[in-house]
Amino acid sequence: MKIDFKTFSKIDIRVGIVTKAENFLEARNPAIKIWVDFGPKIGELKSSAQITHHYDVNSIIGRQVLAVTNFLPRQIGNFMSEVLLLGVPDENGKVVLIRPDISVPTGG
């Protein structure tokens, strides 16, 4: 499906920094609960991400990530996911997070 620029411009993609992470033990598939700070304008939002193949709760903290910040919240088990972290599949279909290759201001 192709979309026009007007539709694409409605997607709010921002850079944030992971401030907290916990194993999501109640999830059906292995996942991590992640809290991301998007700066003073948006604040901290949380997400559930199935990224345990390449990341753990210690390696993800402090990392800059890209995320869609204007999705409607989604209930995942007992956790409300407020933002969608962006990633691409590796050769085995496991998610690799997208991030800036140099440090950029949070919230941009």
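**Figure 1. Close-up of T69 and its neighbours in the predicted model.** Here we look at T69, which touches D12, R14, F38, I42, L45, E82 and V83 once residues up to four places away in sequence are set aside. T69 has its place in the loop between β4 and β5. Is T69 buried or exposed? With a relative accessible area of 12%, T69 counts as buried, because the cut-off for that word is under 20%.

**Figure 2. Close-up of S81 in strand β6.** S81 belongs to β6, the strand made of residues 79–81. Its relative accessible area is 8%, so S81 is another residue to describe as buried. Which residues does S81 touch, leaving out those up to four places away in sequence? They are K46, S47, S48, P73, R74 and I76. For a sense of scale, follow the chain from S81 to K94: the two are 13 residues apart along the chain, and their C-alpha atoms are separated by 20 Å.

**Figure 3. The open sheet of five strands.** Read across the sheet, the strand order is β3-β2-β1-β4-β7, and the pairing is antiparallel. Which strands form the edges? They are β3 and β7, each of which pairs on one side only. When you trace side chains along a strand in this view, it helps to remember a general point: in a regular strand, side chains alternate between the two faces of the sheet.

**Figure 4. Strand β1 with its partners β2 and β4.** How many bridges join β1 to β4? There are five, and the two strands run antiparallel. One position to look for is I13, which stands opposite V68 in β4. Towards β2, the pairing of β1 is also antiparallel and runs over six bridges. Two bridge pairs can be picked out here: N23 has I32 of β2 as its partner, and A21 has I34 of β2.

**Figure 5. Strand β2 and its hairpin with β3.** β2 and β3 run antiparallel and are joined by six bridges. Along this pairing, I32 stands opposite A49 in β3, while the β3 bridge partner of I34 is S47. Six residues lie between the strands of the hairpin, and in this hairpin G39 takes a positive phi near 90 degrees. Why is β2 described as largely enclosed by the rest of the structure? Five of its six residues are buried, so little of the strand is left outside that description.

**Figure 6. The largest nonpolar core.** This core has 17 residues, and those with the most contacts inside it are I34, V36, I51, I60, L85 and L97. Two or more residues come from each of β1 (13–23), β2 (32–37), β3 (44–49), α2 (57–60) and β4 (64–68). Which element gives the largest share? It is β2, with three residues. I51 makes a good point of entry to this view: leaving aside residues up to four places away in sequence, I51 touches I32, I34, I60, V95 and L97.

**Figure 7. The largest pocket and its lining.** About 530 Å³ of space lies in this pocket. A lining of 24 residues surrounds that space, and S48, A49, Q50, R74 and I76 lie nearest the pocket's centre. The elements that give two or more residues to the lining are β3, β5 (74–76), β7 (84–85) and β9 (95–97). What is the make-up of the lining by class? There are 13 nonpolar, eight polar and three charged residues.

**Figure 8. The second largest pocket.** Here the space comes to about 150 Å³. Which residues line this pocket? The lining is made of N29, P30, Q50, I51, T52, H53, G93, K94 and V95. Divided by class, these residues are three nonpolar, five polar and one charged. Some names will be familiar by now: Q50 is also one of the residues nearest the centre of the largest pocket, and I51 is among those with the most contacts inside the largest nonpolar core.

Terms used:
Residues are numbered from 1 along each chain as its sequence is written. This is a predicted model: local features need pLDDT of at least 70, side-chain atom pairs count only at pLDDT 80 or more; totals for chains, interfaces and linings use all residues. Side-chain values use heavy atoms; hydrogens and water are left out. A nonpolar core is a set of buried Ala, Val, Leu, Ile, Met, Phe, Trp, Tyr and Cys residues joined through side-chain atoms within 4.5 Å. Buried means under 20% relative accessible area, exposed over 50%, partly exposed in between (1.4 Å probe, protein chains only). Helices (H or I, at least four residues) and strands (E, at least two) are DSSP runs, numbered from the N terminus. Contact means heavy atoms within 4.5 Å. On a 1 Å grid over the protein atoms alone, a cavity is a set of points where a 1.4 Å probe fits but cannot get out, and a pocket is an open set with protein on both sides within 12 Å along at least five of seven lines; lining residues have an atom within 4 Å of a point. Grid points are joined across faces, edges and corners, and a volume is the space filled by probe spheres set on the points. Ala, Val, Leu, Ile, Met, Phe, Trp, Tyr, Cys and Pro count as nonpolar, Asp, Glu, Lys and Arg as charged, and the others, Gly among them, as polar. Two strands pair if DSSP finds at least two bridges between them.
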